[in-house]
Amino acid sequence: MIVYKSTEGKSKIMSEVDSSKIPNSLEEHWMPFTSNKDFKENPRLITEAKGVYLKNHKGQTQIDASSGLFCNPLGHGRKEITHAVTKQLEQLDYVQPFQQGFGGSFELARRIAKHTPGNLNRIFYTICGSTAVETAIKIVIAYHKAKGQGQRFRFVGRERAYHGMNIGATSVGGMINNVKTFASVLMPGVVHMRHTHLPEHKFVKGQPTTGSEMAEDLERICTNFGSENIAACIVEPVAGSTGTLVPPKGYLKRLREICDKHGIILIFDEVITGWGRMGSAFASQEFGVTPDVITMAKATTNGVVPMGVVAVKEEIYDAVMDAAPKGAVELFHGYTYSGIPIAVAAALAVQNIFEKEEIFKRSKEMSPYFLEGLFSLKDLKAVDNIRGYGMMGGIDIKLKEKPGRAGFECFKSCYEAGVNFKATGDCLIIAPQFICEKKHIDEIIDKLRTGITNYLKK
Ligand code: PLP
C-alpha cells in the first residue's frame, strides 16, 4: 500500500497501484504546465512506452495520440536511436562546443540542410524549441546590425502563438495565460498581429478559404510603427499549441510579400510542424512559402534527447560572418549543450529512419484517413469545433463554467478511456505518430469517442 501526502498535507491511500512503479513522495517535484494540486491528489504516471503505446502506473495500456508532446512521430523505444546514442556515449560523451567540435554535428547540419527549403542551409544548434526561438531573435538582430540597420528592434508576433517559455519566446508568443503574469519582464517593442481563428472557420478540414486578409495586420503595423524599425515577423505556419489553427489560403504568402517589401525577416517557428507533421518535411514546403529563418526541435531527435535547431538563409550567415574581423567570434551566442554528441547521434539516427521509412510520405498518405476519423467526432454533443491538417488536429470542447475546465475534465476522461494526448485550455490536440497504421487511427478515434462521451455523463 502506498501513502501519498496530498497538497493539503493529508494522507491519501492509493492501494490499487503497483508500488514499484511510483515514487515515495510527489511533494518535492514542482511540475511544469501542470495543475500540481490536482495531479498530486490523483497522479498520472507513465511507466513504459513502446511503439504507439504507453503504460501507466495502474497497468493500463494507452494509445499515444499526440506523439508525446509532438516529439515521437517514429514511435517509442526505437532501437536504432537507442543504439546510436549508446554507441556515442561510449565513444565520445561530451565535447565543448565553443572553438572546437566533432564531426557528427557537421554531418547532421548537412543532412538537415538537405531538407530545409530554399537556401536555409546554415544550421545553429540549441537545446530546445524555446532556445531555438531565442537564438533566432538574436541572429536576426545581429544580421540587421551587420547590415547597418541596428534601428530594427521590433518583433511582430501573433495572438494565440506559442513559441516557448524563455523571455524572448514568451514576449513574441500570444497565449494570454503564458504572458500576463510576466508582463513586467517581457522584451520591449513587440507588437502582435491578430490570430486567424475566425468564427466562420468552424469544422473546416484543411486550409480555410477565407481570412487571408488577416495578414494585412502586418502592413498596418508597418505603417503605425515604422517598417524601418521592424526586425522580424515570427509565426507558426500552423499554430499548434492553441489547437491546430490552419492558415487561411494565401495568408502566409501575403506575410512573405509584406516582409519582402519592407526588408523584414520572416521566421517560421516549425518546432511542431517541422519534420513531417504537415505531410512535407516542413510546413514551408507544404504551403509553398519560404521564410528566412526556421526554428525546429521536438521530432529532430524523436524526443529522446533535447535539441533545437535554427536554419537560416545563407545571406544571413554571410552578413554576420563578413561584419566580424577575421579571428573574432562572429556571434556572441551559444549554449553549453549546443549540438552535444548524444543529441547529434539521436538526430542522425532519426534522419536515417526518415529516409529509410519514407516517413514524410507516410505522414502525408495517412493524413486523409486520420482527418476523416477526427471529423467523424463532430456529432458528439460536447464538441464545439474541429480543425486539422496533415497529422495534427484540434477538437474544441464546449465551454463549461470557465475556460479550461471542460478541456481538462475531458482530457482526464479520455486518459481513463485509454487515449493519451495534450489538452490546452478547452482544446484537445491530437497528433498521432507517423508510424500509425489505420487500425491505430481507428483505436485513437474510438477511444476519443468513449472518453468524450463519458465526460458528458460525469
Ligand atoms: N515553438 C513552438 C511552435 C512550440 O510548439 C514549442 C513547444 O511546444 C516551442 C517553441 C518551445 O519548445 P520547447 O518546449 O522545446 O522549449
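Colleague: What makes β14 and β17 count as paired strands in this model?
Modeller: The model is predicted, and in it β14 and β17 are joined by four bridges and run antiparallel. Pairing requires at least two bridges, so they count as a pair. Within this pairing, Gly394 stands opposite Ile429 of β17.

Colleague: How do you know whether β13 and β14 are paired, and in which sense?
Modeller: Six bridges link β13 to β14 (residues 392-397), and the sense is antiparallel. Gly388 has Gly393 of β14 as its bridge partner. Helix α13 (residues 359-375) packs on the sheet and touches β13, β14 and β17 (427-430), while its direction makes about 175° with that of β13.

Colleague: And what links β16 to β17?
Modeller: Three bridges, in the antiparallel sense. Lys422 is the residue whose bridge partner in β17 is Ile429. The hairpin of these strands has two residues between them, and Gly425 there takes a positive phi near 55°.

Colleague: What is the strand order of the open sheet that holds β13, β14, β16 and β17, and why are two of its strands edges?
Modeller: The order is β13-β14-β17-β16, with antiparallel pairing. β13 (383-389) and β16 (422-424) each have a single partner strand, so one side of each lacks a neighbour in the sheet. From one strand to the next, the twist averages 20°.

Colleague: Which way do the residues of β17 point, and are they buried or exposed?
Modeller: Cys427 and Ile429 point one way, Leu428 and Ile430 the other, and all are buried. Being called buried takes 20 or more other C-beta atoms within 10 Å. In a regular strand, side chains alternate between the two faces of the sheet.

Colleague: What makes the pairing in the sheet of β3, β4, β5 and β15 mixed?
Modeller: The order there is β3-β4-β5-β15. β3 (46-50) and β15 (419-420) are at the edges, each with a single partner strand, so each has one side without a neighbour in the sheet. Four bridges join β3 to β4 (residues 53-56), running antiparallel, whereas β5 (residues 61-64) and β15 run parallel. With both senses present, the pairing is called mixed.

Colleague: How do you know that β5 and β15 qualify as a pair?
Modeller: They are joined by two bridges, and the requirement is at least two, so the pair qualifies. Ile63 stands opposite Val419 in β15. At the other pairing, Ile46 has Asn56 of β4 as its bridge partner. The β3 and β4 hairpin has two residues between the strands, with Gly51 at a positive phi near 60°.

Colleague: Why is Phe203 called exposed?
Modeller: Phe203 has 11 other C-beta atoms within 10 Å, and the limit for exposed is 12 or fewer, so the term applies. Phe203 sits in the loop between β8 (190-193) and α8 (216-225). Its phi is near 55°, positive in a residue other than glycine. Most residues other than glycine have a negative phi.

Colleague: And why is Glu401 called exposed?
Modeller: The count for Glu401 is 7 other C-beta atoms within 10 Å, against a limit of 12 or fewer, so Glu401 is exposed. Glu401 belongs to the loop between β14 and α14 (405-417) and has a positive phi of about 60° without being a glycine.

Colleague: Why is Ser376 called partly exposed?
Modeller: Ser376 has 13 other C-beta atoms within 10 Å. Exposed stops at 12 and buried starts at 20, so 13 falls in between. Ser376 lies in the loop between α13 and β13, and 9.7 Å separates its C-alpha atom from that of Ile386, ten residues apart along the chain.

Colleague: What puts the buried residues of α4 on the same side?
Modeller: The buried residues of α4 (residues 103-115) are Gly104, Ser105, Leu108, Ile112 and His115. They span an arc of only 90° around the axis, which places them on the same side of α4. The face turned away from that side carries the exposed residues Gly103, Arg110 and Lys114. Among the elements covering the buried residues are β6 (122-126), β12 (308-312) and α12 (341-356).

Colleague: Which residues come nearest to the ligand?
Modeller: Cys128, Gly129, Ser130, Gly164 and Val271 do, out of the 14 around the ligand. Helix α5 (residues 129-146) gives the most to this shell, with three residues. By class, the shell divides into six nonpolar, six polar and two charged residues.

Terms used:
Residues are numbered from 1 along each chain as its sequence is written. This is a predicted model: local features need pLDDT of at least 70, side-chain atom pairs count only at pLDDT 80 or more; totals for chains, interfaces and linings use all residues. The arc is that of the directions from the helix axis to the C-beta atoms. Two residues are in contact if their C-beta atoms, placed from the backbone, lie within 7 Å. A residue is near a molecule or strand if its C-beta atom, placed from the backbone, lies within 6 Å of it. Ala, Val, Leu, Ile, Met, Phe, Trp, Tyr, Cys and Pro count as nonpolar, Asp, Glu, Lys and Arg as charged, and the others, Gly among them, as polar. Axes are lines fitted to C-alpha atoms, for helices over the stretch in contact, and angles run from 0 to 180 degrees between N-to-C directions.
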